[in-house]
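Please examine the sequence and the three-dimensional model shown here before reading the report.

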Amino acid sequence: MAFEELLEDPVVQTYLHELVGPRGMPVAAAPPDGEVTDEELAEELDLELNDVRRALFILYENDLADYRRLRDEDSGWLTYLWTLEYGSIPENLREEMHRLLDALEDRREYERNHEFFLCEVDSIRFEFEEAMEFGFECPQCGSELESLDNDHLVEAMDERIDDLQAELNVA
């Protein structure tokens, strides 16, 4: 997938937004051609330097940016020249999908293996053991806790797990 197409993909945009947040999104969404300093990028995008640096380091931690350091011979100051490299985004997204799949499978098992009760007044859900400790009364409002059927939740998780497994080609 071409670099420009990658940045136009709503899934990629959401992924980048989740990584760097709204303040860092201008940095992630408009990567410079070639190397650039954080100061140049902040000036070019009219952003606070700390926001630019934060976004760059987050991108670096996720293998989406790289830098090289230059030391000024006279002052000894270090200058960081940044390059954004989005080639690993598809693999990063795939890893995120695997993590989501694992978490959903764990949650599905939790939902299947526990019995729940609900306070319909306060919308608080309790596991059986908690409900029993409270005498099947809500500790906040005193109303009776009702048995909760979570089959619809488990079914929704099953569907999402099936979708993810199909997308990832795993069983």
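The following report describes a sheet, a helix that lies across it, and several salt bridges in this predicted model.

## The sheet and helix α5

Three strands form an open sheet in the order β5-β4-β6, and their pairing is antiparallel. Strands β5 (124–127) and β6 (146–148) are the edge strands, each pairing on one side only. On average, neighbouring strands of this sheet are turned by 40° against each other, direction ignored.

Strand β4 (residues 116–119) runs antiparallel to β6 and is joined to it by three bridges. F116 has L148 in β6 as its bridge partner. Helix α5 (residues 89–112) lies across β4 and β5, at about 75° to β5.

## Salt bridges between helices

The whole structure contains 11 salt bridges. One of them joins the side chains of R23 and D51, at 3.8 Å from N to O. R23 belongs to helix α2 (residues 10–29) and D51 to helix α4 (residues 49–61), so the pair links parts of the chain 28 residues apart. R23 is exposed at 61% relative accessibility, whereas D51 is buried at 17%.

A salt bridge of 3.4 Å, N to O, also connects R53 and E39. Here R53 lies in helix α4 and E39 in helix α3 (residues 38–45), 14 residues apart. R53 is partly exposed at 30%, and E39 is partly exposed at 43%.

## Salt bridges involving helix α5

Within helix α5, R107 and E111 are four residues apart, about one turn of the helix. Their side chains meet in a salt bridge of 2.8 Å, N to O. R107 is partly exposed, with 38% relative accessible area, while E111 is buried at 1%. Salt bridges with shared partners also join R108, E109, R112 and D158 into one network.

Definitions and conventions
Residues numbered from 1 in each chain as written. Predicted model: local features only at pLDDT ≥ 70, side-chain atom pairs only at ≥ 80, totals over all residues. Heavy atoms only, no water. Pairing = 2+ DSSP bridges. Helix = DSSP H or I, 4+ residues; strand = E, 2+ residues; numbered from the N terminus. Axes fitted to C-alpha atoms, helices over the stretch in contact; angles between N-to-C directions. Contact = heavy atoms within 4.5 Å. Salt bridge = Lys/Arg side-chain N within 4 Å of Asp/Glu carboxyl O. Buried < 20%, exposed > 50% of the residue type's maximum accessible area, 1.4 Å probe, protein only.
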